[in-house]
Amino acid sequence: MPRFAANLSMMFTEVPFLDRFDAAAQAGFTAVEFLFPYEHPAEVVGERLKRNGLTQALFNLPPGDWNAGEKGFAALPSRFSDLKASLETALPYAKATGVKRLHLMAGIANRGERVAIEAFYKSVAWAAEFFAPHGIDVVIEPINARNVPGYFLNDFGFARDLIQELRLANLKLQFDIYHCQIIHGDVTMRLREMMPIIGHIQIASIPSRNEPDGEELNYPFLFEELDRLGYAGFVGCEYNPRGKTTDGLAWFKPYAGVKS
């Protein structure tokens, strides 16, 4: 049975960020993820996790100036020093939360430019090697061009090839089913093909990015498929609730309380 992680950047936004840990636990989640924790002290985030008996499934490395439109800088040759600094920034949060996987964002760049490809390979390898001694996986995630126009990593095949070429044991694929369906379709076959390199999965309805209880995909089938494929990682609920978060959790009731 899948182990679901509430995404606290998108769910339970009815309450302040730090209170969302309590809300997620009360709703039956045993794990959480979020985009960025950096506005709060690492020890405070860690305490909220421990208080609620939650597992930290994932969070993102610093993306640059998010409010100005930056979505990471791993594919930007001129920002390699920022990339290295971002790893140091994230490490105390990784230690405080016990997280075992971190998402490295590629940034806005042209994948047709060789310098961008070379920068991305270099950054990915550097990040994976930096976190390997700490027992932490680095994951990379293809993101569709509708949500993030110009995002460098917008193809699952490219991500797969990079991971296979670099052959780093702690480099994995973040397989967001929402993004995959928009970019490529044929989600089930891609899950079957890429399962050996998948380190994290995320979900949302398509096309609205709401609760995974309708629209284009049959999520109960996909959840069963994850079990058939032997997926033992987390499934992040990276969706925008249609209304109050707890009012839209009927889909989650059969899975509530599954231990991390």
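**Close-up views of helix contacts, annotated sites and backbone features**

**View A. Helix α7 against helix α8.** V187, T188, L191 and R192 of α7 meet F221, L222, E225 and L226 of α8. The model shown here and in the other views is predicted. Helix α7 covers residues 187-194, and helix α8 covers residues 219-228. Their axes lie 11 Å apart and make an angle of about 15°. Angles under 35 degrees count as roughly parallel, so α7 is roughly parallel to α8. The crossing of α7 past α8 is right-handed. Sorted by class, the α7–α8 contact holds 5 nonpolar, 1 polar and 2 charged residues.

**View B. A positive phi ahead of α7, at D186.** D186 sits in the loop between α6 and α7. Helix α6 spans residues 177-183. The phi of D186 is positive, at about 55°. D186 is not a glycine.

**View C. A cis peptide bond at P207.** The bond running from I206 to P207 is cis. Its omega is near 15°. P207 belongs to the loop between β7 and α8. Strand β7 takes in residues 198-203.

**View D. Helix α2 against helix α3.** Helix α2 runs over residues 42-51 and helix α3 over residues 80-97. The two axes come within 8 Å of each other. They cross at roughly 25°, which makes α2 roughly parallel to α3. The pass of α2 over α3 is a right-handed crossing. On the α2 side, the contact residues are A42, E43, V45, G46, L49 and K50. On the α3 side, they are P92, Y93, A96 and T97. Classed by type, the α2–α3 contact comprises 6 nonpolar, 2 polar and 2 charged residues.

**View E. Helix α4 against helix α5.** Helix α4 is formed by residues 114-131, and helix α5 by residues 156-166. The helices pack at an angle of about 55°, with axes 11 Å apart. At that angle, α4 and α5 are therefore oblique to each other. Again the crossing is right-handed, with α4 passing α5. Helix α4 contributes I117, F120, Y121, V124 and A125 to the contact. Helix α5 contributes F158, L162, E165 and L166. The class count for the α4–α5 contact is 8 nonpolar, no polar and 1 charged.

**View F. The annotated active-site residues, E141 and E238.** An unreviewed UniProt entry lists E141 and E238 under "active site". The pair spans 98 residues in sequence, yet their C-alpha atoms are not more than 13.0 Å apart, so they gather at one spot. Which pocket do they line? The lining of the second largest pocket includes both E141 and E238. E141 is in the loop between β5 and α5. Strand β5 spans residues 137-140. That loop leads to α5, the helix paired with α4 in View E.

**View G. The annotated domain, residues 21-254.** The unreviewed UniProt entry gives "domain: Xylose isomerase-like TIM barrel" for residues 21-254. How much of this stretch is helix, and how much is strand? Across residues 21-254, the chain is 38% helix and 14% strand. The C-alpha atoms at the ends of this stretch are 20 Å apart.

Definitions and conventions:
Residues are numbered from 1 along each chain as its sequence is written. This is a predicted model: local features need pLDDT of at least 70, side-chain atom pairs count only at pLDDT 80 or more; totals for chains, interfaces and linings use all residues. Side-chain values use heavy atoms; hydrogens and water are left out. Axes are lines fitted to C-alpha atoms, for helices over the stretch in contact, and angles run from 0 to 180 degrees between N-to-C directions. Helices (H or I, at least four residues) and strands (E, at least two) are DSSP runs, numbered from the N terminus. Angles under 35 degrees count as roughly parallel, over 145 as roughly antiparallel, 65 to 115 as roughly perpendicular and the rest as oblique. A crossing is left-handed if the near helix is turned anticlockwise from the far one by less than a right angle, and right-handed if clockwise. Contact means heavy atoms within 4.5 Å. Ala, Val, Leu, Ile, Met, Phe, Trp, Tyr, Cys and Pro count as nonpolar, Asp, Glu, Lys and Arg as charged, and the others, Gly among them, as polar. UniProt positions are given in the numbering used here, feature names are shortened, and annotations may be inferred rather than shown by experiment. On a 1 Å grid over the protein atoms alone, a cavity is a set of points where a 1.4 Å probe fits but cannot get out, and a pocket is an open set with protein on both sides within 12 Å along at least five of seven lines; lining residues have an atom within 4 Å of a point.
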